[in-house]
Amino acid sequence: MVELDGRQDAQGPGAKVMDAPITIRQLEVDDAEAYAKLRREMLLDSPLAFASSPSDDLFASLETTREQLRRAPESVIFGAFDPDLAGAVGLYRDRHVKSSHKAHLWGMFVAPDHRRRGMAADLLNVTLQYARDLTDVTWVQLSVSSAAPAARKLYERSGFRLWGTEPEALRHDGQAVVEYHMALRLSDSA
Ligand SMILES: CC(C)(COP(=O)(O)OP(=O)(O)OC[C@H]1O[C@@H](n2cnc3c(N)ncnc32)[C@H](O)[C@@H]1OP(=O)(O)O)[C@@H](O)C(=O)NCCC(=O)NCCS
């Protein structure tokens with residue numbers, strides 16, 4: 001478990017809040033209910049940032065959520081607690097032997113009331129450290145849609161670089177968005 005304090009207040013970059021620290025930790029099967037709730041919130045809050053919809057999501061039921069949470073260590077979800085679950089991100093290692101040096105980051109979300117306090121940056125740092133600790137994983141890949149410019153900045157700030165752009169990657173309610181495919185070579189980051 002990682003505890004992070006001295007985080008920035010939403011009021012401005014210089015201000016600090018002195019209340020309880022955000023806790024970042026790997027989710028366990030007992031967190032299934034909280035994660036399924038947050039997952040539903042993310043798909044409704046930002047439909048064009050995620051490929052899944054509530055109707056086709058792997059985490060739509062508690063049973064499938066528990067199944068996914070049992071897949072560690074090859075597939076993990078980290079949660080940010082403040083004090084309840086308010087943010088999350090997932091990582092899985094490619095299952096094919098020839099591409100098992102790659103891990104994929106997915107499902108980054110911070111609930112609107114908790115944004116701009118460094119929660120996503122903390123989640124990303126903890127997840128990248130987890131990837132570094134996996135034997136022979138050298139790359140982390142992700143896709144971010146044009147509807148999520150804040151997320152793209154977050155990834156660029158951590159060293160992810162664009163390697164491909166997919167036109168009309170997602171369609172929703174008469175809108176189409178581009179997806180940017182990005183990658184980070186772990187040896188290029190701290
Ligand atoms: C993207 C998201 C996860 C950021 O969460 P957050 O906790 O507010 O982000 P942080 O406070 O940790 O910010 C880290 C960096 O992200 C970028 N960032 C975050 N919010 C931003 C915004 N509104 N505008 C511009 N850049 C932003 C900045 O580079 C920031 O670093 P800085 O504070 O040094 O400028 C959050 O806005 C979110 O959940 N969005 C909706 C879902 C989504 O787009 N998910 C991504 C799917 S790939």
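D173 counts as exposed, because it has 6 C-beta neighbours inside 10 Å and the cut-off for exposed is 12 or fewer. This is a predicted model. The backbone at D173 also stands out on the phi axis: phi is near 50°, a positive value in a residue other than glycine. The residue sits in the loop between β7 and β8. Strand β8 covers 175–185.

Step back into β7 for a related case. E168 lies in this strand, which spans residues 161–172. E168 is not a glycine, yet its phi is positive, at about 45°. Is E168 buried or exposed? E168 is exposed, because 9 other C-beta atoms lie within 10 Å and exposed residues have 12 or fewer. So a positive phi occurs in strand β7 at E168, and another occurs in the loop that follows β7, at D173.

Now turn to the peptide bonds around β3. Where does P73 lie? P73 is found in the loop between α2 and β3. Helix α2 runs over 62–69, and strand β3 over 75–81. The bond joining A72 and P73 is cis. Its omega is about 10°.

On the other side of β3 comes the loop that leads to β4, and P83 has its place there. Strand β4 takes in 85–93. Which form does the peptide bond from D82 to P83 take? This bond is cis, with omega near -10°. Strand β3 thus has a loop with a cis bond on either side: A72 to P73 in the loop from α2, and D82 to P83 at the loop to β4.

Methods
Residues numbered from 1 in each chain as written. Predicted model: local features only at pLDDT ≥ 70, side-chain atom pairs only at ≥ 80, totals over all residues. Helix = DSSP H or I, 4+ residues; strand = E, 2+ residues; numbered from the N terminus. Buried ≥ 20, exposed ≤ 12 C-beta atoms within 10 Å, placed from the backbone.
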